[in-house]
Amino acid sequence: MDKLVVSPSPHIHSEASVPRLMYGVIISLLPALAVSIFYFGIGMIIITSVSIISCILFEYLIQKFILKVRPTHLDGSAFITGLLLAFCLPANTPIWMVMIGALAAIGIGKMTFGGLGNNIFNPALVGRVFLFVSFPVAMTSWPEPGQWMKYADAVTGATPLAIMKEGVASRTVSEIMPEIPGYLQLFLGNMKGSSGEIAAFALLIGMLYMLYRKIITWHIPVSIIGTVFLFTGILWLINPDKFADPLFHILSGGLMLGAIYMATDYVTSPMTVRGMWIYGVGIGVITVLIRIFGAYPEGVQFAILILNAFVPLINKYVKPKRFGKEVKNG
Amino acid sequence: MRLKTFSQGGVHPRELKLSAGKKIEILPPPETVIIPVSQHLGAPSKVLVEKMADVKTGQLIAKSDGFISTNIHASVSGKVLKIDDFTDTSGYRRKGIQIKVSGDEWEEGIDRSDDLVKEFSFTSEEIRNKILEAGIVGLGGATFPSHVKLMVPKGKSAEYMIINGVECEPYLTADHALMMERGEQLVVGIKIMMKGLGVEKAILGIEANKPDAIQKMKSLTEQEKNIHVRGLKVRYPQGGEKQLIQALLNRRVPGGGLPIDVGVVVFNVGTVYAAYEAVQKNKPLIERVVTVTGKSLREPSNFLVRIGTPVSYLIEKCGGLPADTGKVISGGPMMGKALTSLEVPIVKGSSGILLMQESESHRKEILPCIRCSKCISACPMGLEPYLLMALGKNALFERMEEEKVLDCIECGSCSYVCPSARPLLDYIRFGKAEVNKLIRSRKAI
């Protein structure tokens with residue numbers, strides 16, 4: 001020892017670090033990834049690897065050559081963006097399209113705002129919506145689960161939500177239900193849909209793991225899923241012929257993936273518990289409005305992006321509970 | 001029964017109480033001591049002795065100089081070598097009295113025996129005077145003169161006295177050792193302080209990681225109807241007085257207010273013990289229990305140390321300075337101060353000396369804020385550290401004031417939990433200083 005280190009307190013630091021948190025999220029996504037590979041096989045493996053590699057590569061290239069800053073492509077956040085982007089694409093999405101999505105996610109969604117911590121919108125959802133509006137047909141042709149040696153040539157069809165949306169225009173819910181996989185199948189993920197959104201149970205396992213590791217708190221997922229359940233439940237009680245039951249709504253589409261992974265993104269979600277409730281309820285309400293009264297069968301991604309835009313406002317006005325009320329001194 | 005704790009924020013760092021269970025070892029005086037005249041909050045004391053004067057242990061050498069100030073006594077006997085500026089725990093050079101030790105001759109009238117003196121018949125005023133005379137200040141680290149706390153301002157009333165035996169900082173065990181070995185004296189001290197304050201009820205709060213101390217203090221107070229001992233769930237910063245009051249009584253001290261605003265006065269166990277010695281033994285505050293600890297230290301210990309003893313002397317007594325030492329802290333790892341020199345003296349507020357290994361002495365690389373909100377969840381005062389740091393970086397001090405930066409108790413929980421290792425508390429301290437300047441300039445107009 002030559003010299004003493006002198007710095008202000010605190011002199012110790014918790015184990016937490018950004019890479020640790022990020023890799024914790026990745027670990028929590030592994031069950032869902034396994035289920036998706038089980039149902040979509042080779043297609044899932046291709047789009048996931050392409051998406052992750054593209055996101056990391058684009059982050060590196062943009063930071064190195066355009067922004068000219070020290071690249072942070074290995075901090076885990078680009079990896080998560082890539083993984084989540086793949087999760088919300090159909091498993092038969094062409095490689096080039098996945099790459100465009102990755103470029104939109106990292107380039108538009110993240111780097112234009114100044115990189116990690118500064119983006120307003122969830123990057124993976126920016127990529128997803130970019131592809132959705134650019135290639136609407138490819139983005140709504142969902143491969144049938146179980147064809148796991150097929151990729152581009154997979155047989156496709158409509159998601160349960162799309163069948164329901166089409167159906168209720170002319171028929172009652174009970175007439176449509178036989179065309180939709182049962183609740184157990186929905187829970188296990190045996191349905192058409194975006195590659196990573198299908199398996200509710202695997203996503204819930206991931207959520208429990210993240211809660212256990214204290215990576216996220218329960219407020220956002222519970223407020224979103226709870227709101228959707230309540231809102232669709234009220235509609236269902238009013239008219240069960242026209243509106244599907246709440247269980248169907250929470251088990252289908254991207255709700256679980258959105259509520260557990262997309263909406264809980266640190267950067268684009270509120271900082272306080274009360275803010276999280278406002279945000280979660282807002283996402284739930286807009287999701288149901290789009291699903292039931294809007295033009296699209298699924299609305300989670302739009303709902304999250306819309307509420308993302310409100311987060312700075314929420315953070316500005318919703319404050320944590322201060323310890324003691326102020327007293328005036330002198 | 002579920003253990004109580006404070007209801008908002010907080011963290012739980014590894015406790016690492018390496019010196020727990022070690023008996024308090026009485027250290028002989030070193031060769032020279034340096035006794036700073038500013039060891040407490042408030043005005044520095046006025047020096048009463050001159051260079052080359054002979055002093056006795058316990059002799060008054062610097063006098064209280066103002067309402068918020070206190071007395072300082074020689075902790076050893078010998079000759080005054082110098083009255084000069086010396087580096088102290090703050091890192092600044094400030095006035096102190098250097099004494100060359102010879103023998104250990106005590107001032108008359110001080111009872112040095114270990115005999116327990118239970119009975120006392122002093123009035124509140126006599127107790128307050130004795131505490132001022134003895135130079136007692138808050139020994140938990142804040143070093144606020146204790147006699148001032150005993151004077152309840154007009155219009156306020158004290159209902160409870162809370163004794164802080166929480167010791168929530170990792171590593172530190174001085175209060176724990178004191179409760180285990182001087183429990184009987186503490187009970188008498190509590191009664192003295194209750195009398196001095198004029199309260200009927202006292203609660204001693206101890207964290208659950210010291211079950212032996214809880215047990216011991218409970219059995220010692222079994223016969224005392226008005227003194228309650230409460231175990232508390234381990235959670236930092238429970239030793240903060242606002243947190244402790246809320247944990248024990250569920251009363252919230254208002255922002256900008258004092259515990260007396262909710263009818264409470266808080267004393268550390270060390271302070272109460274010092275009060276016992278002052279009142280019952282006529283002994284001024286010239287020594288205190290100090291934990292000397294660290295992962296690489298051969299013998300982490302609890303010492304009874306004369307005020308003014310150099311830190312290097314304590315480290316020698318623990319087996320010498322480990323080769324891998326990177327940082328030496330006065331106090332605990334969460335709120336302690338890093339020392340600039342090992343020759344600084346132990347002062348009234350020194351609860352521990354902590355030696356950090358070189359590998360744990362440096363801060364981590366600062367990464368961008370990812371808005372994980374862990375700093376908000378950790379803040380026991382309900383502040384938004386991420387926001388305060390951003391405001392501080394942009395010199396928006398008025399906004400910092402609106403965001404209640406002055407409520408910050410500087411516990412460090414925010415910086416501790418930040419996954420991006422951002423120096424949140426550094427910017428908050430900076431902001432507090434600037435906001436205080438703003439407020440002063442407003443008053444000046």
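1. How many bridges join strand β9 of chain B to β10(B), and do they run parallel or antiparallel? In this predicted model, the two strands run parallel and are joined by six bridges. Strand β9 of chain B covers residues 160–165, and one pair to pick out on screen is I163(B), which sits opposite L204(B) of β10(B).

2. Moving on from β10(B), another parallel pairing links β10(B) to strand β11 of chain B (residues 227–232), again described by six bridges. Here I206(B) has G231(B) in β11(B) as its bridge partner. To get from β10(B) to β11(B), the chain passes through helix α5 of chain B (residues 211–220), and this β-α-β crossover is right-handed.

3. A word on the setting of β10(B) may help as you look around. Strand β10 of chain B spans residues 201–207, and because six of its seven residues are buried, the strand is largely enclosed by the rest of the structure. "Buried" here stands for 20 or more other C-beta atoms within 10 Å of the residue's own.

4. Elsewhere in chain B you will find an open sheet of three strands, in the order β3-β5-β6 and with antiparallel pairing. Its edge strands, β3 (46–47) and β6 (72–73) of chain B, each pair on one side only. Two bridges connect β3(B) with strand β5 of chain B (residues 60–63) in the antiparallel sense, and V47(B) has A62(B) in β5(B) as its bridge partner.

5. Now for the meeting of the two chains. The contact brings together 53 residues of chain B and 31 residues of chain A. On the chain B side, β15 (325–330), α12 (413–417) and α13 (424–444) each supply at least two residues. Of the elements there, β15(B) gives the most, with five residues. By class, this side of chain B holds 25 nonpolar, 15 polar and 13 charged residues.

6. Finally, have a look inside chain A, where the domain assignment gives domain 1 (18–138) and domain 2 (148–317). Taken over C-alpha atoms, the centres of these two domains of chain A are separated by 20 Å. Their contact takes 38 residues from domain 1 and 35 residues from domain 2 of chain A.

7. Which elements make up the domain 1 side of that contact in chain A? Helices α1 (18–67), α2 (77–87) and α4 (123–134) of chain A each supply at least two residues, and α1(A) gives the most, with 19 residues. The residues on this side of domain 1 of chain A divide into 28 nonpolar, nine polar and one charged.

Key
Residues numbered from 1 in each chain as written. Chains lettered and ligands numbered in written order. Predicted model: local features only at pLDDT ≥ 70, side-chain atom pairs only at ≥ 80, totals over all residues. Buried ≥ 20, exposed ≤ 12 C-beta atoms within 10 Å, placed from the backbone. Helix = DSSP H or I, 4+ residues; strand = E, 2+ residues; numbered from the N terminus. Pairing = 2+ DSSP bridges. Right-handed = clockwise from strand over helix to strand, strands pointing away. Contact = placed C-beta atoms within 7 Å. Nonpolar A, V, L, I, M, F, W, Y, C, P; charged D, E, K, R; others polar. Domains from an automatic or database assignment.
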